[in-house]
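Visitor: I should like to be guided through this protein by means of questions and answers. May we begin once the structure is on view?

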Amino acid sequence: IYSILAGNPNHFFINPATGAIGVLTPLDYEVTNTYNLSVVAVDGGPAAVLTQRRTGTTSVVIKVQNVNEYAPIPDQPNYMQTIFTNYTALNGTVLTVHCSDSDSGDSIHYSLVPYSQDFIVQSNGGILLARSQTQQNIYSFDTVCTDSGGLSSSALAERYRRGGPPC
């Protein structure tokens with residue numbers, strides 16, 4: 001007869017006849033990535049003679065594999081920035097979009113949809129002005145955040161151009 005002696009935070013069960021260990025609740029690598037169980041086996045000696053039963057214990061280490069179950073999430077759904085037409089700080093940050101990912105070890109890649117030659121997106125989500133003279137007054141685009149596992153989400157980013165003094 002098999003049973004779990006210790007290390008079972010209500011996540012596992014053991015088949016008393018076979019010793020097969022199963023999962024009761026979903027496991028999440030980001031919460032706990034390793035479980036240490038102590039398992040005991042008691043032989044089928046005569047039930048009346050408990051002193052003749054033999055027992056053995058062992059440690060079982062269960063390692064949870066990391067999977068990419070969470071998409072990156074923008075800190076806010078919409079970003080807006082106003083700059084003036086005579087703003088000439090080329091390669092200066094005009095807007096920063098930030099996304100976070102609950103998955104352990106994921107890196108985030110930022111991109112613009114639709115692509116615009118007027119802007120450059122940095123690896124930290126900073127959006128830089130690439131050209132001093134823009135041809136339109138309002139730019140509206142999605143900033144797409146994609147994690148290393150391929151999951152993505154986006155935030156609407158708008159940049160308004162106005163005449164007046166530099167910021």
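Guide: A nonpolar core is a set of buried Ala, Val, Leu, Ile, Met, Phe, Trp, Tyr and Cys residues joined through side-chain atoms within 4.5 Å. Please note that the model is a predicted one.

Visitor: How many residues has the largest nonpolar core, and which are they?
Guide: A residue counts as buried under 20% relative accessible area. The residues of the largest nonpolar core include Tyr79, Val94, Leu95 and Val97. Among its other residues are Phe119, Ile127, Leu129 and Phe141. In total, the largest nonpolar core has twelve residues: Tyr79, Val94, Leu95, Val97, Leu112, Phe119, Ile127, Leu129, Tyr139, Phe141, Ala155 and Ala157.

Visitor: Which strands each supply at least two residues of this core?
Guide: Val94 and Leu95 belong to the core, and β8 covers residues 93-96. Likewise, Ile127 and Leu129 are core residues, and β12 covers 126-129. With β13 (138-147) and β14 (152-162) added, the strands that each supply at least two residues are β8, β12, β13 and β14.

Visitor: Which residues does valine 97 contact, leaving aside its neighbours within four places in sequence?
Guide: Valine 97 is itself a member of the largest nonpolar core. Two of its contacts, Tyr79 and Ile127, are listed in that core as well. The full set of contacts is Tyr79, Tyr110, Asn124, Gly125, Ile127 and Thr143.

Visitor: Which way do the residues of β12 point, and are they buried or exposed?
Guide: In a regular strand the side chains alternate between the two faces of the sheet. In β12, Gly126 and Leu128 point one way, and Ile127 and Leu129 point the other way. As for their cover, all four of these residues are buried.

Visitor: Which residue in β12 stands opposite threonine 96, and which stands opposite valine 121?
Guide: β8 and β12 run antiparallel and are joined by three bridges. β11 (residues 119-121) also runs antiparallel to β12, again with three bridges. Opposite threonine 96 stands glycine 126, and opposite valine 121 stands isoleucine 127.

Visitor: Which residue in the turn between β11 and β12 has a positive phi?
Guide: β11 and β12 form a hairpin, with four residues between them. One residue in this turn has a positive phi of about 90°, namely glycine 125.

Visitor: Why is one side of β1 and of β5 left without a neighbour in the sheet?
Guide: Three strands form an open antiparallel sheet in the order β1-β4-β5. β1 (2-6) and β5 (55-63) stand at the edges, so each has a single partner strand. In the order given, the strand between them is β4.

Visitor: What is the bridge partner of serine 3 in β4?
Guide: β1 pairs with β4 (residues 34-42) in the antiparallel sense, over four bridges. Within β4, the bridge partner of serine 3 is valine 40.

Visitor: What distance separates the C-alpha atoms of asparagine 36 and serine 59?
Guide: Asparagine 36 is found in β4 and touches Ala6, Gly7, Val60 and Val61, not counting residues up to four places away in sequence. Serine 59 is 23 residues apart from asparagine 36 along the chain. The separation of their C-alpha atoms is 6.9 Å.

Visitor: Which strand has the lowest mean pLDDT, and which has the highest?
Guide: The protein averages a pLDDT of 82, and 81% of the residues score at least 70. Its secondary structure comes to zero helices and 14 strands. The lowest mean pLDDT among these elements, 77, belongs to β7 (residues 78-84), and the highest, 95, to β3 (residues 21-23).

Definitions and conventions:
Residues numbered from 1 in each chain as written. Predicted model: local features only at pLDDT ≥ 70, side-chain atom pairs only at ≥ 80, totals over all residues. Heavy atoms only, no water. Buried < 20%, exposed > 50% of the residue type's maximum accessible area, 1.4 Å probe, protein only. Contact = heavy atoms within 4.5 Å. Pairing = 2+ DSSP bridges. pLDDT = per-residue confidence, 0-100.
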